[in-house]
Amino acid sequence: METASSSSTTTTNGSVNGMPAPYGRACTNCARAKCRCIYRTVGADCERCHRLRKECIPSVSVRKRNGKRTHVSRAAQLEAKLEDLVSLLRHQAGPGGTAPSPGEPSVASSTPAPSARSAASVAGDHSPHPVPVAVLPPQLPDCHPAHGKGRPTPVARGTLLGSVFEPQDVGPRSPTPPPVEPPAIPYCTYQPSPFEAADGLVTFRKYMLIFLPFVYLPSNMTEQRLRKTYPFLWFSIMTVTSKNADRRLVMSESIKKFIAQKMVMEHEKSLDLLFGLLVIMGWTHYHIKREKPILSLLASLAKSLVFDLGLNKVPSEPYISACLKTAFHPPPREKTMEERRAVLACFLLTSQISHSLKRLDALTWTSHMEESLQFLTQRHEWEGDDLLVAQVKIQLIVEQLNRATSQSIDNAPPSYYLSALHTQLTNVKTQLPSHLQQNDTILSHISYTELAIHEAAVAKPRISPTTTVPDLQRYAAMEACLNAIKDWFDRHFSIPSYVYIGMTFSYWCHMAHCLLSLYRLSVLDDPAWDRRAVRNKLDLLRICDQLKLGFEELSAKRRLDSGPTIEEDGFTKFNMMLRTMKSGWVAELAAIDGVDLNGGGHHSSSVEQYLDAGNANELNLPLFHAEDPEAWMAGLFDMNWDP
């Protein structure tokens with residue numbers, strides 16, 4: 001094989017110095033022979049072709065000179081892919097798989113110019129001849145079908161919104177459904193009629209708010225307006241005021257599911273939810289079913305709403321906000337009257353539940369809540385504000401008693417502490433407004449608080465169990481307990497039975513506590529304690545008879561209003577429980593007094609009257625007897641409090 005390496009200098013025939021061809025630019029003969037191609041002069045034949053007397057044909061360049069690839073952004077590539085996908089879907093969506101209409105661009109035409117140009121250049125790399133680049137036709141704008149054929153509104157196809165969210169449809173477009181808003185009230189198969197809703201609101205305003213005035217419903221607040229303003233509160237009111245037990249339980253189940261969906265799944269927080277929870281907590285005996293109760297859970301959810309809404313204190317910024325230079329909470333604002341009532345009522349209910357069930361802690365009292373209490377005292381809008389303020393002040397004393405009892409070693413606060421609490425209670429009673437001086441709700445609350453204070457003194461251990469000297473301070477506290485119980489039942493029996501429908505769950509817990517305390521005082525085995533004098537002053541069996549009479553009257557009236565039901569009404573259950581409890585107490589009191597239930601021995605007045613009334617066959621009824629008040633109330637309300 002010949003080489004031309006020596007021809008890079010002066011040739012033998014006197015020609016000028018040759019110039020090597022650039023890389024990739026050798027003539028076809030040299031390229032085919034794989035020889036170095038050296039041109040004699042610019043524009044002349046190469047030396048090898050000249051020497052071999054061949055035609056020197058320059059080769060066609062297969063490399064693109066100065067070919068810098070056009071940069072295509074990621075957004076443009078994504079838009080191109082989306083346009084290809086949309087066009088492909090349109091093509092497949094045509095009737096019978098036919099080709100798209102002439103006015104609709106094809107899949108290839110929807111690809112942007114940089115992609116087509118790069119494809120042509122790649123094809124040219126494998127061809128010895130240059131391939132002309134196809135020129136894309138101008139892209140047609142999309143027309144929204146809603147604007148009609150006369151005045152189309154173009155949407156740019158080169159944008160992501162135009163290619164995805166505003167595609168051109170092949171066929172007629174179905175109307176877009178409106179966004180579905182989450183329901184504001186629980187879904188329930190039963191919905192009260194307008195007449196039932198209006199009657200329920202009257203019942204709630206007339207009989208229930210006098211025991212727990214947590215919200216102000218003026219006279220112009222109709223049930224339609226309440227449903228629009230506070231829908232969940234409206235549904236909760238309709239539930240507790242429903243006269244039919246079966247419907248009430250169905251609505252209660254709907255409320256439980258609604259709370260779980262709104263608070264747990266959707267993380268919603270609103271004053272309407274808090275109002276509804278206060279209704280359920282306040283009258284939770286209307287939601288009772290033979291299952292584990294959820295009162296503790298409801299109280300915890302109510303407290304979490306108070307925290308999230310910032311009702312108990314002014315929210316402060318966390319330390320991380322200073323690092324991120326971002327505020328986590330909106331600027332503080334003045335609380336509304338509705339918010340102040342809600343946080344005070346939440347404290348009242350959680351504290352009462354905590355004291356009665358010993359299962360959870362009350363909402364912690366803060367200085368911000370104290371400011372709300374003073375604000376409500378000075379700027380009350382209706383008489384219920386004064387009642388709520390008085391109830392909260394009394395419950396604060398009970399909360400102090402609970403805290404002192406839990407912190408003491410023997411669960412008995414010192415005597416001076418109990419004396420100070422009793423002084424505070426006396427001051428609250430003397431400072432009541434004139435329209436509350438004879439209010440049964442607040443006076444019964446005061447009597448129960450007196451019982452709780454004196455019971456703490458009775459619970460203190462004796463000075464010396466073996467000494468014969470009586471503990472006069474202890475017996476004075478027991479006598480004060482008896483007087484407080486008598487005052488509480490005197491107030492209760494002064495209330496008509498039809499008002500019982502508005503009494504809160506805490507009120508019935510107070511009744512259960514008073515009955516249990518009276519029973520213990522009636523059977524207390526202490527040489528210095530006169531049990532007969534206790535029964536002469538306040539007969540336990542007569543108290544049970546009076547309570548049964550009130551429950552029977554109310555149960556009969558509610559049966560007439562609601563008709564036959566599968567589930568028994570709560571007041572019917574109260575009556576059955578009192579009947580069972582009384583039968584057990586008669587047997588125990590008869591044994592204490594030496595009464596022979598078979599007909600012999602000396603009969604006391606109450607036991608004798610009970611036996612002469614033909615109630616001896618009730619003595620075989622099972623008695624729910626427990627040592628602690630919580631278990632006793634479990635039987636009273638037909639509830640299982642065990643975890």
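Visitor: At roughly what angle do the axes of helix 8 and helix 9 cross, and within what distance do they come?

Guide: Two packed helices are described by the angle between their axes and the distance between the axes. In this predicted model, the axes of helix 8 and helix 9 cross at roughly 150° and come within 9 Å. An angle over 145 degrees counts as roughly antiparallel, so helix 8 is roughly antiparallel to helix 9. Their crossing is left-handed.

Visitor: Which residues of helix 8 and helix 9 meet?

Guide: Here is a general idea to start with. An α-helix has 3.6 residues a turn, so residues three or four places apart point the same way. Now for this pair. On the helix 8 side you will find F232, F235, S236, M238, T239 and V240. They meet R248, M251, S252, I255, F258 and I259 of helix 9. Try picking these out in the 3D view.

Visitor: Let me try another pair. How do helix 11 and helix 13 pack?

Guide: Use the angle and the distance again. Helix 11 and helix 13 have axes 10 Å apart, at an angle of about 150°. That makes helix 11 roughly antiparallel to helix 13. Helix 11 passes helix 13 in a left-handed crossing. From helix 11, the residues L295, A299, A302, K303 and V306 take part, and they meet V343, C346, T350, I353 and L357 from helix 13.

Visitor: Next, helix 10. How many of its residues are buried?

Guide: To read burial, look at the relative accessible area: under 20% counts as buried. In helix 10, 12 of the 12 residues are buried, so this helix is largely enclosed by the rest of the structure. The buried residues include L271, D272, F275, G276 and M281.

Visitor: What covers the buried residues of helix 10?

Guide: Several helices do. Among them are helix 6 (194–208), helix 8 (231–240), helix 9 (245–265), helix 11 (295–309), helix 13 (337–357) and helix 19 (505–523). So you have already met some of these neighbours.

Visitor: How far does helix 10 reach from its first C-alpha to its last?

Guide: Helix 10 covers residues 271–282 and reaches 16 Å, close to the 16 Å expected at 1.5 Å a residue. You can read helix 19 in a similar way: with 19 residues, helix 19 reaches 27 Å, close to the 27 Å expected. Helix 19 is mostly covered, with 18 of its 19 residues buried.

Visitor: Can we zoom in on one residue? Is L521 buried or exposed?

Guide: L521 sits in helix 19. Its relative accessible area is 9%, so L521 is buried.

Visitor: Which residues does L521 touch?

Guide: Leaving out residues up to four places away in sequence, L521 touches M478, C481, L482, I485, W529, R531 and V534. Take M478 as an example: M478 and L521 are 43 residues apart along the chain, while their C-alpha atoms are separated by 7.8 Å.

Visitor: What does the chain look like overall? How many helices and strands are there?

Guide: The chain has 24 helices and 4 strands. Of its 643 residues, 44% are buried. Among contacts with a separation of 6 or more, 69% are between residues 24 or more positions apart.

Visitor: And what pLDDT does the chain average?

Guide: pLDDT is the predictor's confidence in each residue. The chain averages 75, and 67% of the residues score at least 70. Over residues 1–16 the pLDDT is below 50, and this stretch has 19 contacts in the model beyond near neighbours in sequence. Residues 610–643 also stay under 50, with 76 contacts beyond four places in sequence.

Technical notes. Residues numbered from 1 in each chain as written. Predicted model: local features only at pLDDT ≥ 70, side-chain atom pairs only at ≥ 80, totals over all residues. Heavy atoms only, no water. Helix = DSSP H or I, 4+ residues; strand = E, 2+ residues; numbered from the N terminus. Expected span 1.5 Å × (residues − 1). Buried < 20%, exposed > 50% of the residue type's maximum accessible area, 1.4 Å probe, protein only. Contact = heavy atoms within 4.5 Å. pLDDT = per-residue confidence, 0-100. Axes fitted to C-alpha atoms, helices over the stretch in contact; angles between N-to-C directions. Parallel < 35°, antiparallel > 145°, perpendicular 65-115°, else oblique. Left-handed = near helix turned anticlockwise from the far one by under 90°.
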